[in-house]
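Reader: Please examine closely one part of this predicted model, its strand pairing, and then set that part against the rest of the chain. A connected account would be preferred to a list.

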Amino acid sequence: MGAIDELLSPEVVARLRSVLEAAAPEIRWDGLAELPAGYGAMSIRARADAVSGLMLASLGRSGAGYDAGASAVRQALAGEGLKGWMVWPVGETVVTLALDDGATASFDDALVLLAELTPRLTSEFPIRRMLRHDLQRSLLVARGWASHPDEHVRRLASEGTRSYLPWAVRVPGLIADPGATVPILDALYADPSEYVRRSVANHLNDLARHAPDLVVAVAGRWMRDGGEDARWVVRHGLRTLVKKAHPGAMALLGFVPAQVEVPRLTLDREAVELPTSLEFTADLVNRGSEDARVAVDYVVHYVKANGGLSEKVFKLAVLDLGPGEEATVRKRHAFRQMTTRVHYPGRHALELQVNGERLARTEFDVLVPEALDAD
């Protein structure tokens, strides 16, 4: 299990219990000492839910509803102990209490409390259920956060409302109405904090998955109105569309069709045995009479379990080539088993992509020791 799953460890939960007992001794928090069976094998998401469930059970045994729970959290925030990954289940608890309470006042106060919690870690995960429950009311508050003096709260406005936030529950309304969060992004794309701008770029990249034309239109406006920071946000936010050679995104970043050829694409070996890496070298030449700005990517075609191929595009370089100019690019690509990618033996392929056009391809074999042993 990866280190990420250790972030909400039993020791962290024990510290959380101590913080809560000091802040609200009238509530019996001893349930936090009884972690469920199999806790050590749970993902970080499952751990956060489990710890929140223990907090809710403690509050329930004490007859405490939203007001008492929110008060306990704010008392804990008055000290320094409530910080780090223990904040995630605390935020989830606040949201559950507010939604169970059902009162508008509790809903609104919970959003305020999530903003108070977010500088201690982030409230981007708990806010998702608030968005699912009442999207428009939550977004109205998030738009206000975009002008907050704390960069963590401003980032929450963007990060918490992303369409495909990792580890987070999906919010169908955000996908159905991709323009709903544009006012937040408009307020933050030129934010003085890189921490915030990076979130805006990732948010824009999320939107590109299901609203590419909207993203290009928004990015074009930012490019006209913004400075270098805005241009960085646009380049980073359009990265997926560039890999897919979306015409609008390519043109916006200056990658127009060019007469570029790849006369040579070579590998340093014909077969690799995991774990290892494969180095490739490619020559490019501009055969046209105009300067060419080119986005060079490479595509690895991986063998799937059923023997078919599945491709993934990787960024490589951005080059400016004058008429007749040549350039050489090199890259070493790692092959190792990961939780996010399982490698299978067989004939793989590598292609070079220039401004979205596939120009050269070569093949190689991948040998997986486990598969060889099985034979």
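Author: In this predicted model, the strands S1, S3 and S6 form an open sheet in the order S1-S3-S6, with antiparallel pairing. Its edges are strand S1, residues 260-267, and strand S6, residues 326-335, each of which pairs on one side only. On average, neighbouring strands of this sheet are turned by 20 degrees against each other, direction ignored. Strand S3, residues 276-286, is joined to S1 by 6 bridges, and these two strands run antiparallel. A single position illustrates the register: Glu261 stands opposite Val285 in S3.

Another open sheet has 5 strands in the order S2-S8-S7-S4-S5, and here the pairing is mixed. Strand S2 (271-273) and strand S5 (309-321) stand at its edges; each has a single partner strand, and therefore one side of each is left without a neighbour in the sheet. From one strand to the next, the twist averages 25 degrees. At the S5 end of the order, strand S4 (residues 292-303) pairs with S5 in the antiparallel sense over 12 bridges. Among the paired positions, Val303 has Leu309 as its bridge partner in S5.

The nonpolar interior is considered next. The largest nonpolar core contains 87 residues, and those with the most contacts inside it are Trp29, Leu82, Leu117, Trp145, Trp222 and Leu238. Once neighbours within four places in sequence are left aside, Leu238 is in contact with Val215, Ala219, Ala249, Leu252 and Leu253. A second, separate core comprises 28 residues, including Val272, Ala282, Ala292 and Leu350. By residue number, Val272 lies within strand S2 (271-273), Ala282 within strand S3 (276-286), and Ala292 within strand S4 (292-303).

Attention now turns to the helices. The axes of helix H4 (residues 87-101) and helix H5 (residues 104-117) come within 9 Å and cross at roughly 170 degrees. This angle makes H4 roughly antiparallel to H5, because an angle over 145 degrees counts as roughly antiparallel. On the H4 side, the contact is made by Val87, Val90, Gly91, Val94, Val95, Ala98, Leu99 and Asp101; on the H5 side, by Ser106, Phe107, Ala110, Leu113, Leu114 and Leu117. These contact residues divide into 11 nonpolar, 2 polar and 1 charged. Leu117, which belongs to the H5 side of this contact, is also one of the residues with the most contacts inside the largest core.

Helix H5 has a further role in the packing, as it is among the elements that cover the buried residues of helix H8. Of the 9 residues of H8 (residues 151-159), 7 are buried, so this helix is largely enclosed by the rest of the structure. The buried residues are Val153, Arg154, Arg155, Leu156, Ala157, Ser158 and Glu159. Besides H5, their cover includes helix H6 (127-133), helix H7 (135-145), helix H10 (182-188) and helix H11 (194-208).

For the chain as a whole, the secondary structure comes to 16 helices and 8 strands. Of its 375 residues, 48% count as buried. Among contacts between residues at least 6 apart in sequence, 69% join residues at least 24 apart. Taken along the principal axes, the C-alpha atoms fill a box of roughly 75 × 60 × 35 Å.

Terms used
Residues numbered from 1 in each chain as written. Predicted model: local features only at pLDDT ≥ 70, side-chain atom pairs only at ≥ 80, totals over all residues. Heavy atoms only, no water. Pairing = 2+ DSSP bridges. Helix = DSSP H or I, 4+ residues; strand = E, 2+ residues; numbered from the N terminus. Axes fitted to C-alpha atoms, helices over the stretch in contact; angles between N-to-C directions. Parallel < 35°, antiparallel > 145°, perpendicular 65-115°, else oblique. Contact = heavy atoms within 4.5 Å. Nonpolar A, V, L, I, M, F, W, Y, C, P; charged D, E, K, R; others polar. Core = buried A, V, L, I, M, F, W, Y, C linked by side-chain atoms within 4.5 Å. Buried < 20%, exposed > 50% of the residue type's maximum accessible area, 1.4 Å probe, protein only.
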